[in-house]
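Trainee: Please walk me through the backbone of one loop in this model, and then carry on from there to whatever else stands out. I'd like one connected story rather than a list.

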Amino acid sequence: MKLSFLSGLIRAAKARWFFLLEMPEGNRFEDKGAAGLKGRVIVKRGTGNTITIGSGTRFDGSIEILGTKNTVVIGDNCHFKGDIVVKDHGQTVTFGDHSTCKSVYILCQEGCSVRIGRWCMLSRDIEIRTTDAHSLIDRQTGKRLNTAASISIGDHVWVGVGAIINKGSRIAADSVVGAMAFVNSAFDEEGVVIAGVPANIVRRGVTWHRGRKKAFSSAEMDAWRG
């Protein structure tokens, strides 16, 4: 379903959920075969924005855009529950194939982007933000200290409840972010547990699995790589 303009309530027949889509002319929404749509997608201001929701995906939340030429992509076979706010121009937010989240708030602003990889698992009450939204200033020089920066979360990353992923953060693939962690720097080593305030590596040589049993085979541990 490709729509350049639609304002009103859409009933998603498969899931029987209500979905509100408000996009002025010059913007595009593409439903590639979502399993369910609930909530709202709105472009409050701007043109040239593209929003795509992938095949088999369940979307329950909101996407709000104020700006031009932004792109939001929710991949295939995802379960996305949360809110995405994009303010500014030429930015990209991606939520990779087979990834899930219970509740997340993503703020993408100041010319930055957010990338969340494939096979990720995000718990509830998580914030991901490229900006503090206000300025911290050095009084002597008058310069801003807390400049915005893009965020990258690799494939197969598990983010625990209540974590904050702040501007400039980078998390390598096959890692775990502990509950209530505050991540504000780059972690390029794969297979680690990152925890604490501010977050640091607290364990190496790990992976994770959605299942629960006493032991896992190599094939099971690496199934997400296929």
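Mentor: Let's start at His156, which sits in the loop between strand 16 and strand 17 (158–159). Helices and strands here are DSSP runs (H or I over at least four residues for a helix, E over at least two for a strand), numbered from the N terminus. Before we go on, keep in mind that this is a predicted model, where local features need pLDDT of at least 70 and side-chain atom pairs count only at pLDDT 80 or more, while totals for chains, interfaces and linings use all residues. Residues are numbered from 1 along each chain as its sequence is written, and side-chain values use heavy atoms, with hydrogens and water left out.

Back to our loop. His156 has a phi of about 55 degrees, a positive value although it is not a glycine. That catches the eye because most residues other than glycine have a negative phi, and most peptide bonds are trans. His156 also counts as buried, at 5% relative accessibility; buried means under 20% relative accessible area, exposed means over 50%, and partly exposed is in between, with a 1.4 Å probe and protein chains only.

Ala133 makes a nice contrast. Its phi is positive too, near 75 degrees, and again this is not a glycine. But Ala133 is partly exposed, with a relative accessible area of 36%. You'll find Ala133 in the loop that runs between strand 15 (126–129) and strand 16 (151–153).

The other backbone oddity is a cis peptide bond, the one from Val197 to Pro198, with omega near -10 degrees. Pro198 also belongs to a loop, between strand 23 (192–195) and strand 24 (200–204).

Now the strands themselves. Strand 8 (residues 71–74) is a good one to zoom in on: Val72 and Ile74 point to one face and are buried, while Thr71 and Val73 point to the other and are not. That alternation between the two faces of the sheet is what a regular strand does. Strand 8 has a parallel neighbour in strand 6 (residues 50–53), joined by four bridges, with Ile51 standing opposite Val72. Four bridges also join strand 8 to strand 10 (residues 92–95), again running parallel, and there Thr71 has Thr92 as its bridge partner. Two strands pair when DSSP finds at least two bridges between them.

The aromatics come next. The structure holds five aromatic pairs. Rings of Phe, Tyr and Trp (its six-membered ring) pair if their centres lie within 6.5 Å; planes under 30 degrees apart are stacked, over 60 edge-to-face, and the rest tilted. Phe19 and Phe59 form an edge-to-face pair, 6.4 Å centre to centre with 80 degrees between the planes. Phe19 lies in strand 3 (residues 17–23) and Phe59 in strand 7 (residues 58–66), so this pair ties together parts that are 40 residues apart in sequence. Phe59 pairs with Phe80 as well: the centres are 5.7 Å apart and the planes at 5 degrees, so that pair is stacked. Since Phe80 is in strand 9 (residues 79–87), the Phe59–Phe80 pair ties together parts 21 residues apart in sequence. Phe59 is buried at 0% relative accessibility, and Phe80 is buried with 0% too. Phe19, Phe29, Phe59, Phe80 and Phe95 form one aromatic cluster.

What about the cysteines? A search of the whole structure finds zero disulfides, a disulfide being a pair of cysteine sulfur atoms within 2.5 Å. The cysteine sulfur closest to that of Cys112 is in Cys108, 6.8 Å away and too far for a bond. For Cys120, the closest cysteine sulfur is in Cys78, at 9.5 Å, which is also too far. Cys112 is buried at 6% relative accessibility, and Cys120 is buried at 0%.

Finally, zoom out. The protein chain has one helix and 24 strands, and 45% of its 226 residues count as buried. Its radius of gyration is 18 Å, which agrees with the value near 17 Å for a compact globule of 226 residues; that radius is taken over C-alpha atoms, and the globule rule is 2.2 Å times the number of residues to the power 0.38. The C-alpha atoms fill a box of roughly 55 × 50 × 25 Å along the principal axes.
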